[in-house]
Amino acid sequence: MPNPAPLHMIDLIRKKRDGGALDAGEIGFLVSGAVDGSIPPEQLSAWLMAAWLRGLSQDETRSLTLAMRDSGEKFSPARLGKVAVDKHSTGGVGDKTSFLVAPIAAACGLAVPMISGRALGHTGGTLDKLESIPGYRTALTLSEFETVLLRCGASIVSQTPALVPADRVLYALRDRTGTVESPGLICASILSKKLAAGLDALVLDVKTGSGAFLRKREDAEYLAALMVATAEAAGTRTVALLTDMGQPLGRAAGNWIEVAESVELLCGARPPESEGLRELSLILAGWMIHLGGKAKTPKAGYQRAEAAIADGSALRAFMAMIEVQGGDISVFDDPAGFHKPGATQVLNAWETGFIAEMDTTKLGWAVQRLGAGREKAGEPVDPHAGIHFHARRGARVQKGQPIATLYATDAALLAEPIALLRAAIAIAKTPPCDVPLVSRIFTRESAEDYLRDAVR
Ligand code: URA
(Lines give C-alpha, C1' and ligand atoms only; values in the text may rest on other atoms or scores of the structure.)
Protein backbone atom coordinates (compact mmCIF):
# COMPACT_ATOMS: atom_id res chain seq x y z
CA MET A 1 0.00 0.00 0.00
CA PRO A 2 1.40 3.44 -0.89
CA ASN A 3 1.65 5.92 2.00
CA PRO A 4 -1.35 8.30 2.09
CA ALA A 5 -0.56 11.82 0.90
CA PRO A 6 0.56 14.04 3.80
CA LEU A 7 -2.06 16.46 5.11
CA HIS A 8 -1.51 20.21 5.50
CA MET A 9 -3.67 22.40 7.73
CA ILE A 10 -3.74 25.20 5.15
CA ASP A 11 -5.51 22.84 2.73
CA LEU A 12 -8.12 21.93 5.35
CA ILE A 13 -8.80 25.61 6.11
CA ARG A 14 -9.21 26.39 2.40
CA LYS A 15 -11.48 23.38 1.90
CA LYS A 16 -13.81 24.42 4.74
CA ARG A 17 -13.67 28.09 3.73
CA ASP A 18 -14.87 27.13 0.25
CA GLY A 19 -17.78 25.09 1.60
CA GLY A 20 -16.26 21.60 1.35
CA ALA A 21 -16.57 18.83 3.92
CA LEU A 22 -13.60 17.26 5.70
CA ASP A 23 -13.37 13.48 5.89
CA ALA A 24 -12.68 11.53 9.09
CA GLY A 25 -8.93 11.35 8.36
CA GLU A 26 -8.68 15.10 7.92
CA ILE A 27 -10.67 15.78 11.09
CA GLY A 28 -8.46 13.32 13.00
CA PHE A 29 -5.36 15.17 11.75
CA LEU A 30 -6.83 18.49 12.93
CA VAL A 31 -7.77 17.18 16.38
CA SER A 32 -4.44 15.50 17.06
CA GLY A 33 -2.63 18.63 15.86
CA ALA A 34 -4.72 20.72 18.29
CA VAL A 35 -3.76 18.47 21.20
CA ASP A 36 -0.03 18.03 20.46
CA GLY A 37 0.43 21.68 19.47
CA SER A 38 1.66 20.91 15.95
CA ILE A 39 -1.14 23.08 14.47
CA PRO A 40 -0.78 26.68 15.67
CA PRO A 41 -3.74 28.55 17.25
CA GLU A 42 -4.11 30.94 14.29
CA GLN A 43 -4.73 28.05 11.90
CA LEU A 44 -7.14 26.32 14.30
CA SER A 45 -8.96 29.63 14.78
CA ALA A 46 -9.23 30.19 11.03
CA TRP A 47 -10.67 26.70 10.60
CA LEU A 48 -13.13 27.26 13.47
CA MET A 49 -14.37 30.47 11.87
CA ALA A 50 -14.75 28.71 8.51
CA ALA A 51 -16.67 25.92 10.29
CA TRP A 52 -18.85 28.50 12.08
CA LEU A 53 -19.66 30.31 8.82
CA ARG A 54 -20.07 27.26 6.56
CA GLY A 55 -21.48 24.85 9.17
CA LEU A 56 -20.42 21.25 9.67
CA SER A 57 -22.17 18.39 7.89
CA GLN A 58 -23.61 15.61 10.01
CA ASP A 59 -20.71 13.34 8.98
CA GLU A 60 -18.16 16.00 9.91
CA THR A 61 -19.90 16.55 13.25
CA ARG A 62 -19.77 12.82 13.96
CA SER A 63 -16.08 12.57 12.99
CA LEU A 64 -15.20 15.60 15.11
CA THR A 65 -17.12 14.24 18.11
CA LEU A 66 -15.40 10.86 17.94
CA ALA A 67 -11.91 12.27 17.33
CA MET A 68 -12.34 14.62 20.30
CA ARG A 69 -13.72 11.82 22.49
CA ASP A 70 -10.65 9.75 21.69
CA SER A 71 -8.16 12.60 22.19
CA GLY A 72 -7.31 11.71 25.82
CA GLU A 73 -8.07 9.36 28.69
CA LYS A 74 -11.52 7.86 29.06
CA PHE A 75 -13.62 6.53 31.91
CA SER A 76 -14.87 2.97 31.69
CA PRO A 77 -17.94 2.28 33.83
CA ALA A 78 -17.70 -1.49 33.12
CA ARG A 79 -16.43 -2.31 36.63
CA LEU A 80 -19.40 -0.60 38.26
CA GLY A 81 -21.65 -3.52 37.29
CA LYS A 82 -24.53 -1.15 36.56
CA VAL A 83 -25.97 0.62 33.55
CA ALA A 84 -24.32 4.06 33.29
CA VAL A 85 -26.66 6.98 32.53
CA ASP A 86 -26.30 10.74 32.61
CA LYS A 87 -28.19 13.95 31.90
CA HIS A 88 -26.76 17.05 30.26
CA SER A 89 -28.30 20.49 30.04
CA THR A 90 -27.26 23.11 27.50
CA GLY A 91 -27.24 25.64 30.35
CA GLY A 92 -29.66 27.99 32.03
CA VAL A 93 -30.48 30.13 35.05
CA GLY A 94 -31.42 28.36 38.29
CA ASP A 95 -30.99 25.03 36.50
CA LYS A 96 -30.17 22.59 39.30
CA THR A 97 -31.84 19.43 38.03
CA SER A 98 -28.50 17.53 38.28
CA PHE A 99 -28.80 17.58 42.08
CA LEU A 100 -32.14 15.81 41.83
CA VAL A 101 -31.78 13.49 38.85
CA ALA A 102 -28.34 12.09 39.76
CA PRO A 103 -29.31 10.82 43.24
CA ILE A 104 -32.77 9.73 42.02
CA ALA A 105 -31.28 7.58 39.23
CA ALA A 106 -28.64 6.22 41.64
CA ALA A 107 -31.39 5.31 44.13
CA CYS A 108 -33.11 3.39 41.29
CA GLY A 109 -30.05 1.18 40.76
CA LEU A 110 -28.23 3.05 37.98
CA ALA A 111 -24.71 4.50 37.91
CA VAL A 112 -24.47 8.23 37.20
CA PRO A 113 -20.90 9.27 36.29
CA MET A 114 -21.53 13.00 35.87
CA ILE A 115 -18.65 15.15 34.61
CA SER A 116 -19.84 18.74 34.94
CA GLY A 117 -18.78 22.28 34.16
CA ARG A 118 -18.43 25.69 35.74
CA ALA A 119 -20.48 28.85 35.26
CA LEU A 120 -20.36 29.99 31.63
CA GLY A 121 -21.53 33.47 30.58
CA HIS A 122 -24.90 34.23 32.17
CA THR A 123 -25.50 30.59 33.18
CA GLY A 124 -24.57 28.94 36.46
CA GLY A 125 -22.19 26.00 36.89
CA THR A 126 -22.92 22.74 38.69
CA LEU A 127 -19.38 22.56 40.13
CA ASP A 128 -19.51 26.11 41.55
CA LYS A 129 -22.80 25.26 43.23
CA LEU A 130 -21.48 22.03 44.77
CA GLU A 131 -18.32 23.75 45.99
CA SER A 132 -20.53 25.97 48.17
CA ILE A 133 -20.78 22.89 50.43
CA PRO A 134 -17.73 23.17 52.73
CA GLY A 135 -15.12 20.52 51.88
CA TYR A 136 -16.80 19.12 48.72
CA ARG A 137 -14.09 18.08 46.24
CA THR A 138 -14.92 18.22 42.55
CA ALA A 139 -11.40 17.46 41.19
CA LEU A 140 -11.17 13.68 41.59
CA THR A 141 -8.93 11.29 39.71
CA LEU A 142 -10.71 8.72 37.56
CA SER A 143 -9.94 6.06 40.16
CA GLU A 144 -11.45 8.19 42.97
CA PHE A 145 -14.45 8.83 40.68
CA GLU A 146 -14.90 5.07 40.32
CA THR A 147 -14.68 4.57 44.11
CA VAL A 148 -17.43 7.15 44.75
CA LEU A 149 -19.60 5.58 42.06
CA LEU A 150 -19.14 2.11 43.55
CA ARG A 151 -20.13 3.38 46.99
CA CYS A 152 -22.90 5.86 46.16
CA GLY A 153 -24.11 5.19 42.60
CA ALA A 154 -23.61 8.85 41.62
CA SER A 155 -20.63 11.17 41.50
CA ILE A 156 -20.46 14.74 40.20
CA VAL A 157 -16.92 15.87 39.35
CA SER A 158 -14.93 18.21 37.11
CA GLN A 159 -13.20 17.19 33.90
CA THR A 160 -9.72 15.75 34.58
CA PRO A 161 -6.86 17.50 32.71
CA ALA A 162 -6.37 14.43 30.50
CA LEU A 163 -10.04 13.85 29.58
CA VAL A 164 -10.90 15.25 26.12
CA PRO A 165 -7.90 17.62 25.92
CA ALA A 166 -9.01 18.57 22.39
CA ASP A 167 -12.08 20.32 23.81
CA ARG A 168 -9.94 22.30 26.22
CA VAL A 169 -7.88 23.69 23.31
CA LEU A 170 -10.73 24.22 20.85
CA TYR A 171 -13.19 25.60 23.43
CA ALA A 172 -10.70 28.21 24.65
CA LEU A 173 -10.13 29.33 21.03
CA ARG A 174 -13.89 29.40 20.32
CA ASP A 175 -14.43 31.52 23.39
CA ARG A 176 -11.91 34.08 22.12
CA THR A 177 -12.85 34.04 18.43
CA GLY A 178 -16.65 34.33 18.54
CA THR A 179 -17.20 30.78 17.34
CA VAL A 180 -19.09 29.24 20.27
CA GLU A 181 -22.64 29.29 18.86
CA SER A 182 -22.31 26.71 16.11
CA PRO A 183 -24.52 23.58 16.32
CA GLY A 184 -21.81 21.23 14.98
CA LEU A 185 -19.11 22.63 17.27
CA ILE A 186 -21.42 22.67 20.34
CA CYS A 187 -22.53 19.11 19.61
CA ALA A 188 -18.94 17.82 19.33
CA SER A 189 -17.83 19.72 22.43
CA ILE A 190 -20.65 18.45 24.66
CA LEU A 191 -20.85 14.90 23.35
CA SER A 192 -17.10 14.23 23.24
CA LYS A 193 -17.02 14.74 27.02
CA LYS A 194 -20.17 12.72 27.65
CA LEU A 195 -19.07 9.83 25.42
CA ALA A 196 -15.61 9.78 27.07
CA ALA A 197 -17.45 8.85 30.28
CA GLY A 198 -18.51 5.57 28.60
CA LEU A 199 -22.26 6.17 29.03
CA ASP A 200 -24.85 3.57 28.08
CA ALA A 201 -27.62 6.19 27.97
CA LEU A 202 -27.91 9.96 27.95
CA VAL A 203 -30.78 12.41 28.43
CA LEU A 204 -30.22 15.86 26.94
CA ASP A 205 -32.06 18.90 28.25
CA VAL A 206 -31.90 21.45 25.43
CA LYS A 207 -33.06 24.85 26.60
CA THR A 208 -35.15 27.29 24.56
CA GLY A 209 -36.41 30.77 25.38
CA SER A 210 -34.98 33.99 26.75
CA GLY A 211 -32.32 32.38 28.99
CA ALA A 212 -30.97 29.82 26.51
CA PHE A 213 -27.69 30.05 24.56
CA LEU A 214 -29.55 29.25 21.35
CA ARG A 215 -32.63 31.45 21.71
CA LYS A 216 -34.17 30.65 18.35
CA ARG A 217 -36.38 27.61 18.58
CA GLU A 218 -35.30 26.15 15.23
CA ASP A 219 -31.61 26.34 16.28
CA ALA A 220 -32.36 24.54 19.54
CA GLU A 221 -34.36 21.89 17.67
CA TYR A 222 -31.58 21.33 15.16
CA LEU A 223 -28.96 21.04 17.94
CA ALA A 224 -31.18 18.60 19.86
CA ALA A 225 -31.73 16.36 16.82
CA LEU A 226 -28.04 16.54 15.85
CA MET A 227 -26.89 15.52 19.32
CA VAL A 228 -29.34 12.62 19.52
CA ALA A 229 -28.34 11.28 16.09
CA THR A 230 -24.60 11.72 16.80
CA ALA A 231 -24.67 10.07 20.24
CA GLU A 232 -26.87 7.21 18.97
CA ALA A 233 -24.46 6.61 16.09
CA ALA A 234 -21.69 6.32 18.71
CA GLY A 235 -23.68 3.61 20.53
CA THR A 236 -25.25 5.60 23.40
CA ARG A 237 -29.05 5.48 23.73
CA THR A 238 -30.04 9.14 23.75
CA VAL A 239 -33.10 11.38 23.89
CA ALA A 240 -33.33 15.16 23.92
CA LEU A 241 -36.08 17.22 25.54
CA LEU A 242 -36.65 20.80 24.46
CA THR A 243 -37.46 22.65 27.68
CA ASP A 244 -38.46 26.16 28.63
CA MET A 245 -35.80 28.59 29.85
CA GLY A 246 -38.11 31.58 29.57
CA GLN A 247 -37.86 32.03 33.34
CA PRO A 248 -35.42 30.78 36.00
CA LEU A 249 -35.91 27.13 36.92
CA GLY A 250 -37.09 26.95 40.52
CA ARG A 251 -37.00 29.86 42.92
CA ALA A 252 -33.26 30.13 43.62
CA ALA A 253 -30.44 31.20 41.28
CA GLY A 254 -26.95 31.30 42.74
CA ASN A 255 -24.74 28.70 44.38
CA TRP A 256 -25.60 27.61 47.94
CA ILE A 257 -29.23 28.68 47.63
CA GLU A 258 -29.63 26.33 44.63
CA VAL A 259 -28.17 23.38 46.53
CA ALA A 260 -30.46 24.19 49.48
CA GLU A 261 -33.54 24.33 47.21
CA SER A 262 -32.63 20.95 45.69
CA VAL A 263 -32.22 19.32 49.11
CA GLU A 264 -35.55 20.76 50.22
CA LEU A 265 -37.20 18.99 47.26
CA LEU A 266 -35.29 15.76 47.92
CA CYS A 267 -36.71 15.95 51.46
CA GLY A 268 -40.20 15.90 49.91
CA ALA A 269 -41.16 19.59 50.29
CA ARG A 270 -43.40 21.11 47.56
CA PRO A 271 -42.98 24.91 47.63
CA PRO A 272 -45.15 26.29 44.78
CA GLU A 273 -42.31 28.35 43.24
CA SER A 274 -40.19 25.16 42.94
CA GLU A 275 -42.89 23.07 41.25
CA GLY A 276 -41.48 23.51 37.70
CA LEU A 277 -38.05 22.42 38.90
CA ARG A 278 -39.51 19.35 40.61
CA GLU A 279 -41.61 18.45 37.57
CA LEU A 280 -38.75 18.79 35.07
CA SER A 281 -36.41 16.82 37.33
CA LEU A 282 -38.93 13.97 37.58
CA ILE A 283 -39.45 13.96 33.79
CA LEU A 284 -35.69 13.90 33.09
CA ALA A 285 -35.06 11.27 35.78
CA GLY A 286 -37.98 9.24 34.38
CA TRP A 287 -36.28 9.13 30.98
CA MET A 288 -32.93 8.20 32.56
CA ILE A 289 -34.58 5.37 34.48
CA HIS A 290 -36.40 4.20 31.34
CA LEU A 291 -33.33 4.34 29.05
CA GLY A 292 -31.31 2.63 31.80
CA GLY A 293 -33.73 -0.30 31.67
CA LYS A 294 -35.30 0.17 35.10
CA ALA A 295 -38.77 1.14 33.85
CA LYS A 296 -40.78 0.07 30.79
CA THR A 297 -41.84 3.60 29.86
CA PRO A 298 -40.68 7.15 30.71
CA LYS A 299 -43.96 7.55 32.63
CA ALA A 300 -43.19 4.48 34.75
CA GLY A 301 -39.69 5.97 35.23
CA TYR A 302 -41.31 9.20 36.45
CA GLN A 303 -43.29 7.23 39.02
CA ARG A 304 -40.15 5.42 40.21
CA ALA A 305 -38.43 8.80 40.51
CA GLU A 306 -41.31 10.13 42.63
CA ALA A 307 -41.08 7.07 44.85
CA ALA A 308 -37.31 7.58 45.34
CA ILE A 309 -38.06 11.04 46.72
CA ALA A 310 -40.97 9.83 48.85
CA ASP A 311 -39.04 6.98 50.49
CA GLY A 312 -35.94 9.11 51.17
CA SER A 313 -33.59 6.93 49.09
CA ALA A 314 -32.68 9.78 46.67
CA LEU A 315 -31.84 12.10 49.59
CA ARG A 316 -29.67 9.37 51.15
CA ALA A 317 -27.83 8.86 47.84
CA PHE A 318 -27.14 12.61 47.55
CA MET A 319 -25.88 12.90 51.13
CA ALA A 320 -23.70 9.81 50.70
CA MET A 321 -22.11 11.29 47.57
CA ILE A 322 -21.43 14.62 49.30
CA GLU A 323 -19.86 12.94 52.33
CA VAL A 324 -17.67 10.57 50.30
CA GLN A 325 -16.44 13.55 48.24
CA GLY A 326 -15.41 15.34 51.44
CA GLY A 327 -18.45 17.60 51.94
CA ASP A 328 -19.74 18.58 55.38
CA ILE A 329 -23.39 17.50 55.43
CA SER A 330 -24.02 19.15 58.81
CA VAL A 331 -24.71 22.38 56.86
CA PHE A 332 -28.02 20.83 55.81
CA ASP A 333 -29.19 20.79 59.45
CA ASP A 334 -29.85 24.53 59.14
CA PRO A 335 -29.55 25.61 55.47
CA ALA A 336 -30.94 29.11 56.13
CA GLY A 337 -28.51 29.60 59.04
CA PHE A 338 -25.57 28.58 56.84
CA HIS A 339 -26.55 31.18 54.21
CA LYS A 340 -24.52 34.29 55.06
CA PRO A 341 -24.57 36.81 52.18
CA GLY A 342 -22.58 40.03 52.57
CA ALA A 343 -25.63 42.20 51.72
CA THR A 344 -29.34 41.62 51.06
CA GLN A 345 -31.99 43.71 49.29
CA VAL A 346 -35.63 43.00 48.57
CA LEU A 347 -37.08 44.17 45.24
CA ASN A 348 -40.80 45.04 45.37
CA ALA A 349 -43.22 45.11 42.44
CA TRP A 350 -43.25 48.63 40.97
CA GLU A 351 -46.85 48.29 39.80
CA THR A 352 -49.84 46.00 40.09
CA GLY A 353 -50.36 43.43 37.33
CA PHE A 354 -49.11 40.10 36.00
CA ILE A 355 -45.48 39.03 35.60
CA ALA A 356 -45.72 38.90 31.82
CA GLU A 357 -42.15 38.30 30.71
CA MET A 358 -38.73 37.57 32.15
CA ASP A 359 -35.60 38.19 30.09
CA THR A 360 -33.79 35.31 31.71
CA THR A 361 -30.40 36.08 30.18
CA LYS A 362 -30.51 39.47 31.93
CA LEU A 363 -31.58 37.74 35.15
CA GLY A 364 -28.59 35.41 34.79
CA TRP A 365 -26.21 38.36 34.38
CA ALA A 366 -27.75 39.90 37.51
CA VAL A 367 -26.96 36.71 39.45
CA GLN A 368 -23.41 36.69 38.09
CA ARG A 369 -22.83 40.37 38.99
CA LEU A 370 -24.00 39.87 42.55
CA GLY A 371 -20.85 37.73 42.89
CA ALA A 372 -22.23 34.26 42.10
CA GLY A 373 -20.41 34.01 38.73
CA ARG A 374 -17.13 35.18 37.28
CA GLU A 375 -15.99 37.95 34.96
CA LYS A 376 -12.86 36.02 33.96
CA ALA A 377 -11.97 32.33 33.96
CA GLY A 378 -10.34 31.22 37.21
CA GLU A 379 -11.86 33.90 39.45
CA PRO A 380 -13.42 32.72 42.73
CA VAL A 381 -17.22 32.86 43.10
CA ASP A 382 -19.24 33.83 46.18
CA PRO A 383 -21.13 30.75 47.46
CA HIS A 384 -23.78 32.95 49.13
CA ALA A 385 -24.57 35.43 46.32
CA GLY A 386 -27.72 34.92 44.24
CA ILE A 387 -31.42 35.69 43.93
CA HIS A 388 -34.60 34.20 45.37
CA PHE A 389 -37.51 34.82 42.99
CA HIS A 390 -40.83 35.09 44.84
CA ALA A 391 -43.08 35.42 41.78
CA ARG A 392 -43.14 33.17 38.69
CA ARG A 393 -44.11 34.20 35.17
CA GLY A 394 -47.90 34.61 35.09
CA ALA A 395 -48.21 35.48 38.81
CA ARG A 396 -50.43 38.40 39.80
CA VAL A 397 -48.52 40.88 41.95
CA GLN A 398 -49.58 43.96 43.92
CA LYS A 399 -47.51 47.14 43.84
CA GLY A 400 -45.09 46.96 46.81
CA GLN A 401 -45.18 43.15 47.06
CA PRO A 402 -41.71 41.52 47.24
CA ILE A 403 -40.89 39.80 43.93
CA ALA A 404 -37.22 38.97 44.51
CA THR A 405 -34.56 39.00 47.23
CA LEU A 406 -31.00 39.67 46.09
CA TYR A 407 -27.91 38.48 47.98
CA ALA A 408 -24.57 40.10 47.14
CA THR A 409 -20.97 39.80 48.25
CA ASP A 410 -21.22 43.42 49.41
CA ALA A 411 -23.74 46.26 49.19
CA ALA A 412 -21.83 48.04 46.41
CA LEU A 413 -22.69 45.16 44.06
CA LEU A 414 -26.48 45.50 44.46
CA ALA A 415 -27.30 48.50 42.24
CA GLU A 416 -26.55 47.01 38.81
CA PRO A 417 -28.43 43.71 39.40
CA ILE A 418 -31.45 45.65 40.71
CA ALA A 419 -31.45 47.70 37.50
CA LEU A 420 -31.09 44.50 35.43
CA LEU A 421 -34.06 42.91 37.19
CA ARG A 422 -36.23 45.98 36.61
CA ALA A 423 -35.31 45.89 32.92
CA ALA A 424 -35.74 42.11 32.64
CA ILE A 425 -39.15 41.71 34.29
CA ALA A 426 -42.23 43.07 32.52
CA ILE A 427 -45.39 43.62 34.59
CA ALA A 428 -48.52 43.87 32.39
CA LYS A 429 -52.26 44.25 32.82
CA THR A 430 -53.01 40.87 31.22
CA PRO A 431 -51.46 37.47 32.00
CA PRO A 432 -49.03 35.91 29.47
CA CYS A 433 -49.83 32.76 27.47
CA ASP A 434 -48.81 29.48 29.10
CA VAL A 435 -45.52 28.02 27.86
CA PRO A 436 -45.12 24.23 28.13
CA LEU A 437 -42.24 23.05 30.30
CA VAL A 438 -41.31 20.38 27.70
CA SER A 439 -42.22 21.34 24.16
CA ARG A 440 -40.67 18.54 22.09
CA ILE A 441 -38.88 15.22 22.56
CA PHE A 442 -36.38 13.77 20.09
CA THR A 443 -35.68 10.05 20.09
CA ARG A 444 -33.35 8.40 17.57
CA GLU A 445 -36.12 7.93 15.01
CA SER A 446 -37.59 11.43 15.28
CA ALA A 447 -34.11 13.00 15.28
CA GLU A 448 -33.16 11.17 12.09
CA ASP A 449 -36.45 12.17 10.44
CA TYR A 450 -35.92 15.79 11.48
CA LEU A 451 -32.36 15.89 10.16
CA ARG A 452 -33.37 14.34 6.86
CA ASP A 453 -35.79 17.25 6.32
CA ALA A 454 -33.65 20.00 7.86
CA VAL A 455 -32.12 22.41 5.39
CA ARG A 456 -28.78 23.63 6.75
N1 URA B 1 -21.08 23.51 26.69
C2 URA B 1 -19.99 22.85 26.23
O3 URA B 1 -19.41 22.01 26.92
N4 URA B 1 -19.56 23.14 24.97
C5 URA B 1 -20.17 24.03 24.17
O6 URA B 1 -19.73 24.22 23.06
C7 URA B 1 -21.29 24.73 24.68
C8 URA B 1 -21.74 24.45 25.94
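## Crossing of α12 and α13

A helix crossing is right-handed if the near helix is turned clockwise from the far one by less than a right angle, and left-handed if it is turned anticlockwise. In this predicted model, the crossing of α12 and α13 is right-handed. Helix α12 spans residues 275-291 and helix α13 spans residues 298-310. Their axes come within 7 Å and cross at roughly 115 degrees.

On the α12 side, the contact is made by Arg278, Glu279, Leu282, Ile283, Ala285, Gly286, Trp287, Ile289 and His290. The residues they meet in α13 are Pro298, Gly301, Tyr302, Arg304, Ala305, Glu306 and Ile309. Sorted by class, this contact has nine nonpolar, three polar and four charged residues.

## Packing of α8 and α9

Helix α8 covers residues 165-177, and α9 covers 183-195. The two pack at an angle of about 150 degrees, and their axes are 11 Å apart. The crossing of α8 and α9 is left-handed.

From α8, Asp167, Tyr171 and Arg174 take part in the contact. Their partners in α9 are Leu185, Ile186, Ser189 and Lys193. The contact of α8 with α9 contains three nonpolar, one polar and three charged residues.

## Shell around the ligand

Six positions surround the ligand: Tyr171, Arg174, Ile186, Ser189, Ile190 and Lys193. Both α8 and α9 supply at least two residues of this shell. The largest share comes from α9, which gives four residues. Tyr171 and Arg174 of α8, and Ile186, Ser189 and Lys193 of α9, also belong to the contact between these two helices.

The shell is made up of three nonpolar, one polar and two charged residues. Tyr171 is counted as nonpolar because the classification places Tyr in that group.

## Polar contacts with the ligand

Three side chains of the shell place polar atoms by the ligand. In Arg174, a polar side-chain atom lies 2.9 Å from an oxygen atom of the ligand. An N or O atom in the side chain of Lys193 is 2.5 Å from a ligand oxygen atom. Ser189 has a polar side-chain atom 2.6 Å from a nitrogen atom of the ligand.

On its own, the ligand has 240 Å² of accessible area, and the protein covers 86% of this.

Methods
Residues are numbered from 1 along each chain as its sequence is written. This is a predicted model: local features need pLDDT of at least 70, side-chain atom pairs count only at pLDDT 80 or more; totals for chains, interfaces and linings use all residues. Side-chain values use heavy atoms; hydrogens and water are left out. A residue is near a molecule or strand if one of its heavy atoms lies within 4 Å of it. A polar contact is a pair of N or O atoms within 3.5 Å; within protein, one must be able to donate a hydrogen and the other to accept it, and residues adjacent in sequence count only if both atoms are side-chain atoms. Accessible areas come from the Shrake-Rupley method with a 1.4 Å probe; for residues, only the protein chains shown count as cover. Axes are lines fitted to C-alpha atoms, for helices over the stretch in contact, and angles run from 0 to 180 degrees between N-to-C directions. Contact means heavy atoms within 4.5 Å.
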